[in-house]
Amino acid sequence: DAMAPAPRLHLSSSVSARSRPHGRPLRCVSSASSPSDGPLLLRAAAGLPTERSPVWLMRQAGRYMAEFREYSNKYPFRQRSETPEIAIELSLQPYRAFKPDGVIFFSDILTPLPSMGIEFDVIKGKGPQISNPVNCIHCVEALTPIDDPASSTPFIQPILSTLRAEIDDETTLCGFIGTPWTLAAYSVEGSADRHLVKTKAMMHKEDGRKVLHALLSHYADNLVAYCIHQIDSGAQVLQLFDSWAHHLSPAQFREFSLPYAERVMAGVRAAKPDVPIIFHANGGAGKEEILFSSDLTSDVVGLDWNMNPAECRSRAGQSRVLQGNVDPMVLFGDEDTIRSEVKSCIDALTNDDGRHHILNVGHGVVQKTPEENVGLFIETCKQHVRAMA
């Protein structure tokens with residue numbers, strides 16, 4: 001039955017005698033045979049030995065693919081993301097074409113918002129539009145809890161469980177959410193705004209800060225159930241996208257993003273301690289001191305393309321798992337450049353043992369990226385093992 005959850009690799013939560021500098025225990029993998037039988041990306045995210053850097057791409061299911069556009073030109077976004085048959089197909093297109101080590105399901109960071117009483121749509125050419133933006137404490141008080149994500153987002157389970165059954169045992173299924181900060185900013189603005197005028201105005205007024213913190217608290221507490229539902233449906237790794245972290249100074253990030261992302265991660269970890277969590281901040285440059293400290297407890301730190309890879313590895317230490325961070329615009333380059341950039345990134349971000357790295361782009365794949373260059377990016381990673389001194 002393709003709709004039934006596939007067998008899951010078990011990552012035991014036993015604490016090693018050694019622990020990570022950022023406060024998470026090193027994991028042990030147990031399976032029917034040996035630890036090396038686990039999917040490569042899952043092992044890497046859990047901080048376990050890997051033979052090479054696994055690879056996947058943010059927005060790998062996207063409009064750069066001709067077969068994706070056959071659907072995006074015909075169906076509106078929410079119909080595509082909330083119809084299991086379509087979302088499954090779109091998720092599998094890059095898997096069939098390029099065989100990345102991870103498959104991320106086709107959805108959106110805003111998908112859980114209607115479960116909490118905030119309606120949205122994605123308008124072609126305009127992006128996300130929220131019909132009832134949050135602008136006062138009464139709006140926050142009117143929000144609903146995510147009590148039963150299986151009912152409020154009934155499409156998630158068939159999408160993820162089918163994908164888990166469709167991909168092979170060497171590939172990892174990735175779930176994801178937007179961080180409370182990013183969702184709150186969208187909810188206040190009502191759409192994507194380059195200056196976040198409404199949200200920033202709220203941040204700099206006493207009454208507004210109370211509203212914003214109340215909204216962030218509601219999202220942090222309720223996103224946990226949505227994450228757990230993804231995991232129960234088949235997701236093996238979870239990524240938190242802080243897509244609008246670049247709007248925050250380091251001090252603002254500490255106040256409005258980090259504590260609420262941590263609240264989500266703590267809630268997920270309490271229920272699902274074996275599932276590795278990736279935290280990706282778009283706008284991490286300038287926030288390295290926070291991202292590589294014990295204040296951020298994710299298993300993996302995602303790096304945006306503005307961050308210097310060698311400096312990130314130096315500051316993160318040998319035990320931290322890092323993800324990234326090739327500039328997605330490199331994929332518009334020639335073959336030699338793409339191969340060189342991939343190899344340089346791997347060499348800079350792997351630790352001294354050639355491990356603790358997941359290759360990705362430092363932001364999502366851009367529309368009109370040549371499909372063959374995405375394939376080259378993945379192929380080069382699979383062929384490249386860092387030469388050890």
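This briefing walks through the parallel sheet, one buried serine and the salt bridges of the structure above. The model is a predicted one. At its heart for our purposes is an open sheet of seven strands, ordered S3-S6-S7-S8-S9-S10-S11 and paired in parallel. A search of the whole structure also turns up eleven salt bridges, and a few of them are described below.

**The sheet as a whole**

- Reading across the open sheet, the seven strands come in the order S3-S6-S7-S8-S9-S10-S11, with parallel pairing.
- Strand S3 (102–104) and S11 sit at the edges with a single partner strand each, so one side of each has no neighbour in the sheet.
- On average, neighbouring strands of this sheet are turned by 25° against each other, direction ignored.

**From S3 to S7**

- S3 and S6 run parallel and are joined by three bridges; here Val 103 stands opposite Leu 173 in S6.
- On its other pairing, S6 meets strand S7 (residues 237–242) in the parallel sense over five bridges, and Cys 174 stands opposite Val 237 in S7.
- How many residues of strand S6 (residues 172–178) are buried? Seven of the seven are, so strand S6 is largely enclosed by the rest of the structure.
- The residues of S6 point in two directions: Thr 172, Cys 174, Phe 176 and Gly 178 go one way, while Leu 173, Gly 175 and Ile 177 go the other, and all are buried.

**From S8 to S11**

- Strand S8 (residues 277–281) pairs with S9 in the parallel sense over three bridges, with His 280 standing opposite Gly 302 in S9.
- Gly 302 also has a bridge partner in S10, namely Gln 323.
- That second pairing, between strand S9 (residues 300–302) and S10, is parallel too and covers three bridges.
- S9 and S10 are also part of a right-handed β-α-β unit, together with helix H13 (residues 309–316).
- The chain then crosses from S10 through helix H14 (residues 335–349) to S11, in a β-α-β crossover that is right-handed.
- S10 and strand S11 (residues 357–361) run parallel, joined by five bridges, and the bridge partner of Leu 322 in S11 is His 357.
- Is strand S10 largely enclosed or left open? Six of the six residues of S10 (residues 321–326) are buried, so the strand is largely enclosed by the rest of the structure.

**A buried serine in H11**

- Ser 257 belongs to helix H11 (residues 250–271).
- With a relative accessible area of 1%, Ser 257 counts as buried, because the cut-off is under 20%.
- The side chains of Ser 257 and Asp 242 are joined by a polar contact of 2.5 Å.
- Leaving out residues up to four places away in sequence, Ser 257 touches Trp 181, Asp 242, Leu 248 and Gln 252.

**Salt bridges**

- Side chains of opposite charge can pair when their charged atoms come close.
- Glu 82 and Arg 78 meet through their side chains in a salt bridge (2.8 Å, N to O). The two are four residues apart in helix H3 (residues 77–82), so about one helical turn separates them.
- In this pair, Glu 82 is partly exposed at 21% relative accessible area, whereas Arg 78 counts as buried at 19%.
- Asp 221 and Arg 263 form another salt bridge, with their closest N and O atoms 3.1 Å apart. Asp 221 lies in helix H10 (residues 206–233) and Arg 263 in helix H11, so the pair ties together parts 42 residues apart in sequence.
- Both of these residues count as partly exposed: Asp 221 at 47% relative accessibility and Arg 263 at 34%.
- Lys 272 and Asp 232 meet in a salt bridge between their side chains (2.6 Å, N to O). This pair links distant parts of the chain, with Lys 272 in the loop between H11 and S8 and Asp 232 in helix H10, 40 residues apart.
- Lys 272 is partly exposed at 23% relative accessibility, and Asp 232 is partly exposed at 42%.
- Glu 67, Glu 89 and Arg 96 are joined into one network by salt bridges that share partners.

How values were computed. Residues numbered from 1 in each chain as written. Predicted model: local features only at pLDDT ≥ 70, side-chain atom pairs only at ≥ 80, totals over all residues. Heavy atoms only, no water. Buried < 20%, exposed > 50% of the residue type's maximum accessible area, 1.4 Å probe, protein only. Pairing = 2+ DSSP bridges. Right-handed = clockwise from strand over helix to strand, strands pointing away. Axes fitted to C-alpha atoms, helices over the stretch in contact; angles between N-to-C directions. Polar contact = N/O pair within 3.5 Å; in protein donor to acceptor, adjacent residues only side chain to side chain. Contact = heavy atoms within 4.5 Å. Salt bridge = Lys/Arg side-chain N within 4 Å of Asp/Glu carboxyl O.
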